[in-house]
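Visitor: I should like to be guided through this structure, one question at a time.

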Amino acid sequence: MPFFGNSDGSDEHTSLLGNGNGNGNGNGNGNGDVNGHGRGYKVASHLSHWPSRVLHLTWVTLVRDYVNLLLVFVPLGIIAGVLKWDATAVFTLNFFAIIPLASLLSFATEELSATMGQALGGLMNATFGNAVELIVSIIALTRGQTRVVQASMLGSILSNILLVLGCCFFAGGLRYHEQTFNSTVASTMSSLMTVASASLIIPATLYSSLSNHPGRTENILVVSHGTAIILLILYVMYLYFQLCSHSYLFEEVNKEVTADMEGQEDGENEEREPQEERVLGPLAATVALVLVTILVAVCADYLVDSIDDIVEKTGMTPTFIGLVLIPIVGNAAEHVTAVVVAWKDKMDLAIGVAIGSSLQIALFVTPFLVIVGWIIGVPMTLHFQTFETVAFFISGLVVTFLIQDGKSNYLEGGLCLGMYVILALAFYVYPDSEAVGDALVNAS
């Protein structure tokens, strides 16, 4: 090391400041001074490079995606909330602010999970993959907006299995006559989605059966709490199934994608290597994850606070806002990613993004919110309104039929999109009155 003295006197800095033979004062003073000055210079050198390094990483992170242009809405949304601007302005600005933040959150999660093992990486993606919906829902739950929470959960599931999957099938079908994907993985995901549908149907039918029972509110809470715990256990089992015991089923998908990428223009492998390198290290990714999560929480707070005023001014119901608008914000990055990979004929990745995200919402986020409501004393249950439950069940049934053969085309994509538009129109005119409102609120 050039800044540290050696006992043999070979370093020129040591020979200038002391006797390199190691006797007496020469070694003590000289080596000590050099070590002190050397360490200080090295630390100062590292510190001087930190600002430029931070600016470089920030620039590379921001220019990687055009959606980051919408980051200008982040300070505007926060200012609008702090200064209490018109509710429409607060809602709109924070609505567009969360879209690029969701993209950055997804990017930081991927960068951080790539440095971990497969199990920890999968757990990271499972935890932060739907962080925006989770943050918005927790804030809404603390405000007592159980209708918004339930609608946003259902809306996230429907938007993924109908809107995103439909766009993937349609976009891929326009370029390719027919596309194929791993039907075994798709069938496993469909089975889990069926169980998730049943977890909503059972509380709804039980509530109807106990119409004249005086303690049905408490009974629904007990069933919801127990079902939520079971769903979380099933999700942990699914993670173990995917990442450990039966990982070969999912690894085959990754191998096919890797082989497809390696088979294209072998001469450009060296040029592609820098693009595949990770932009952020573990520390930088963690810092980015924390900062973006804080910004999402702030913007989501102002977004949720403006919902009541938006309902009064526009006539939109909280159900429609939670079912259609909030899922678009939270899943915008995933939507674009899934459609792009489908256009490149990587349907296994597209299926994994679309249906995998739905499973995270149905088996992890929704039951987790029920447990959170249980802890903070808010009656969040798995009892959705009858129309919502039927819509979820029919949507899951349609998707199961479409993916069971392991093939897709643009017609199947059109069927998914048509189904989603029909449901969106129905929920737009669906009244959110006391007669059909939240069952627990009405029963209280």
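**Aromatic rings, helices and loops**

Guide: Phenylalanine 95 lies in helix H4 (residues 87-114). The model is a predicted one.

Visitor: Is phenylalanine 95 buried or exposed?
Guide: The relative accessibility of phenylalanine 95 is 14%. Buried means under 20% relative accessible area, so phenylalanine 95 counts as buried.

Visitor: Which residues is phenylalanine 95 in contact with, leaving aside its neighbours within four places in sequence?
Guide: The chain brings distant positions together here: the C-alpha atoms of phenylalanine 95 and isoleucine 328 are 233 residues apart along the chain and are separated by 9.5 Å. Leaving aside neighbours within four places in sequence, the contacts of phenylalanine 95 are Leu303, Leu325 and Val329.

Visitor: What kind of aromatic pair do phenylalanine 95 and phenylalanine 96 form?
Guide: A pair of aromatic rings is described by the distance of the centres and the angle of the planes. The structure holds 11 aromatic pairs. In the pair of phenylalanine 95 and phenylalanine 96, the centres are 5.5 Å apart and the planes are at 85°. Planes over 60 degrees apart count as edge-to-face, so this pair is edge-to-face.

Visitor: Is phenylalanine 96 buried, exposed or partly exposed?
Guide: The relative accessible area of phenylalanine 96 is 32%. Partly exposed lies between the limits of 20% and 50%, so phenylalanine 96 is partly exposed.

Visitor: Which residues form one aromatic cluster with Phe95 and Phe96?
Guide: The cluster includes Phe95 and Phe96. Its other members are Phe73 and Phe91.

Visitor: Which residues does phenylalanine 91 touch, not counting residues up to four places away in sequence?
Guide: Phe91 is among the residues with the most contacts inside the largest nonpolar core, which has 103 residues. Not counting residues up to four places away in sequence, phenylalanine 91 touches Leu303, Ser306, Ile307, Ile310, Ile321 and Leu325.

Visitor: Which helix gives the largest share of the largest nonpolar core?
Guide: The largest nonpolar core has 103 residues, and Leu158, Leu162 and Leu165 are also among those with the most contacts inside it. The largest share of this core, 15 residues, comes from H16.

Visitor: How are helix H7 and helix H16 directed relative to each other?
Guide: Two packed helices are described by the angle between their axes and the distance between the axes. Helix H7 (residues 146-175) and helix H16 (residues 347-376) have axes 9 Å apart and pack at an angle of about 175°. Angles over 145 degrees count as roughly antiparallel, so H7 and H16 are roughly antiparallel.

Visitor: How many nonpolar residues has the contact of H7 with H16?
Guide: The contact of H7 with H16 has 5 polar and no charged residues. Its nonpolar residues number 18.

Visitor: Is lysine 84 buried or exposed?
Guide: Lysine 84 is found in the loop between helix H3 (73-82) and H4. Its phi is near 55°, a positive value in a residue other than glycine. The relative accessible area of lysine 84 is 71%. Exposed means over 50%, so lysine 84 is exposed.

Visitor: Where is aspartate 345 found?
Guide: Phi of aspartate 345 is near 65°, a positive value in a residue other than glycine. With a relative accessible area of 36%, aspartate 345 is partly exposed. Its place is the loop between helix H15 (332-343) and H16.

Notes. Residues are numbered from 1 along each chain as its sequence is written. This is a predicted model: local features need pLDDT of at least 70, side-chain atom pairs count only at pLDDT 80 or more; totals for chains, interfaces and linings use all residues. Side-chain values use heavy atoms; hydrogens and water are left out. Rings of Phe, Tyr and Trp (its six-membered ring) pair if their centres lie within 6.5 Å; planes under 30 degrees apart count as stacked, over 60 as edge-to-face and the rest as tilted. Buried means under 20% relative accessible area, exposed over 50%, partly exposed in between (1.4 Å probe, protein chains only). Axes are lines fitted to C-alpha atoms, for helices over the stretch in contact, and angles run from 0 to 180 degrees between N-to-C directions. Helices (H or I, at least four residues) and strands (E, at least two) are DSSP runs, numbered from the N terminus. Angles under 35 degrees count as roughly parallel, over 145 as roughly antiparallel, 65 to 115 as roughly perpendicular and the rest as oblique. Ala, Val, Leu, Ile, Met, Phe, Trp, Tyr, Cys and Pro count as nonpolar, Asp, Glu, Lys and Arg as charged, and the others, Gly among them, as polar. A nonpolar core is a set of buried Ala, Val, Leu, Ile, Met, Phe, Trp, Tyr and Cys residues joined through side-chain atoms within 4.5 Å. Contact means heavy atoms within 4.5 Å.
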